[in-house]
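The exercises below are meant to be worked with the structure open, and each is followed by a solution that goes step by step.

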Amino acid sequence: MAQRAGAKHGRVTLLTVLAATAALTAQRHISHSSRVAANFTRVDMALAGSAASTSVGHVTNTWEKLLKQQAHRANGDFPVEAFLHAVEVQSKASQALGRFMLLICRCDDTNVKKIREGWERHSRPRSLRALAEAEKRSGVQDGPGRLVDSATLSLLWATRMQAFWLGILEELADITSHVHMPEHATAVVYKTTVEPYHGRIMRGLFKTALRALPSKSEMLHRLAPDGAAVGTPPPEHLVADLKRCVQVTSRVIAVLRAMLKELGLSDSRQI
């Protein structure tokens with residue numbers, strides 16, 4: 001039964017990725033104009049209020065607020081809804097980077113949905129850690145390196161997708177670097193964060209999507225609220241927000257991974 005549940009998770013994830021890839025293909029002849037990118041930024045800025053100067057700053061503020069709520073508590077003691085909201089804010093902001101992010105965002109959507117379903121199923125535990133503890137008691141760890149289909153498994157995958165996002169952020173924040181972003185995202189970021197847990201089909205799908213990445217200059221242009229010209233130095237406030245986001249995202253990933261390790265919850269299988 002546990003093996004079937006784990007396989008089901010893999011199939012569901014694969015279906016969402018296939019759907020996202022189909023969406024990418026359908027849109028490949030549609031230009032991603034600066035106006036569209038600016039629209040994403042304006043929506044995020046409206047949500048952020050005056051405290052954030054960019055959509056990246058809004059993401060950072062959202063995660064910082066969550067980390068403050070957890071201060072002096074056990075690792076992963078985040079309110080579940082607040083955590084899921086932060087994932088959704090991050091996912092929304094990342095869409096400004098281009099069509100390829102549809103793939104990542106579909107994975108985020110699936111993880112959020114499954115974590116919320118698990119939370120409801122366990123009568124809404126007070127925190128993400130309490131949810132993971134409840135699932136552990138219910139037997140989600142089906143032997144070494146094997147989790148059944150559960151909120152915990154989706155949380156583990158959420159940390160992996162966050163690590164991918166972090167790798168992209170780190171490169172964007174380094175204005176002295178001039179890497180070829182599609183190659184860097186595939187050969188460095190994806191290879192060290194998500195690829196180890198993907199089978200042949202999933203690797204092919206992700207690498208195909210990553211080849212659609214715009215240049216680093218174009219990505220910075222899309223994230224700049226004032227639409228700075230491609231190839232020009234990014235605004236200082238955007239660089240500052242990117243660096244803050246790197247620091248905060250690193251902390252979030254570390255907290256969640258520490259919690260899962262403490263509770264002995266892990267899954268090393270490929271999908």
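**Exercise 1.** In this predicted model, find which backbone oxygen the side chain of T249 reaches, and decide whether T249 is buried or exposed.

*Solution.* Begin with the polar contact: the side chain of T249 reaches the backbone oxygen of C245, at 2.7 Å. Next, place the residue, which lies in helix 11, spanning residues 236–262. The relative accessibility of T249 is 1%, and because buried means under 20%, T249 counts as buried. Finally, look beyond the neighbours within four places in sequence, where T249 is in contact with Q162, W165, L166 and L169.

**Exercise 2.** Describe helix 7 by its span and its burial, and then examine S177 in the loop between helix 7 and helix 8.

*Solution.* Start with the span: helix 7, residues 151–173, has 23 residues and reaches 32 Å from its first C-alpha to its last, which is close to the 33 Å expected at 1.5 Å a residue. Then turn to burial, for which the count is 22 of 23 residues buried, so that helix 7 is mostly covered. In the loop that leads on to helix 8, S177 has a relative accessible area of 16% and is therefore buried. Apart from its neighbours within four places in sequence, S177 is in contact with E171 and K216.

**Exercise 3.** Determine how the axes of helix 8 and helix 9 are arranged, and list the residues through which these two helices meet.

*Solution.* Take the geometry before the contacts: the axes of helix 8 (residues 181–193) and helix 9 (residues 200–210) come within 9 Å and cross at roughly 145 degrees. On the side of helix 8, the residues involved are P182, A185, T186 and Y190, and they meet M202, R203, F206, K207 and L210 in helix 9. Sorted by character, the residues of this contact comprise six nonpolar, one polar and two charged.

**Exercise 4.** Establish whether M219 is buried or exposed, and identify its contacts beyond the neighbours within four places in sequence.

*Solution.* M219 is found in helix 10, residues 216–223, and it counts as buried because its relative accessibility is 0%. With the neighbours within four places in sequence left aside, the contacts of M219 are L97, F100, I168, L172, M181, L213 and P214. One of these partners, M181, is 38 residues away from M219 along the chain, yet the C-alpha atoms of the two are separated by 9.3 Å.

**Exercise 5.** What are the phi values of S123 and R124, and how accessible are S123 and R124?

*Solution.* First recall the general expectation that most residues other than glycine have a negative phi. Against this, phi of S123 is positive, near 65 degrees, and phi of R124 is also positive, near 55 degrees. S123 lies in the loop between helix 5 (101–121) and helix 6 (128–137), and R124 lies in the loop between helix 5 and helix 6 as well. As for accessibility, S123 counts as exposed at 62%, whereas R124, with a relative accessible area of 47%, is partly exposed.

**Exercise 6.** Summarise the chain by its secondary structure, its burial and its contacts.

*Solution.* Counting elements gives eleven helices and zero strands. Of the 271 residues, 53% count as buried. Among contacts between residues at least 6 apart in sequence, 75% join residues at least 24 apart. The chain exposes about 12,400 Å², of which carbon and sulfur atoms supply 55%.

How values were computed. Residues numbered from 1 in each chain as written. Predicted model: local features only at pLDDT ≥ 70, side-chain atom pairs only at ≥ 80, totals over all residues. Heavy atoms only, no water. Axes fitted to C-alpha atoms, helices over the stretch in contact; angles between N-to-C directions. Helix = DSSP H or I, 4+ residues; strand = E, 2+ residues; numbered from the N terminus. Contact = heavy atoms within 4.5 Å. Nonpolar A, V, L, I, M, F, W, Y, C, P; charged D, E, K, R; others polar. Buried < 20%, exposed > 50% of the residue type's maximum accessible area, 1.4 Å probe, protein only. Polar contact = N/O pair within 3.5 Å; in protein donor to acceptor, adjacent residues only side chain to side chain. Expected span 1.5 Å × (residues − 1). Areas by Shrake-Rupley, 256 points an atom, 1.4 Å probe, with all protein chains shown as cover.
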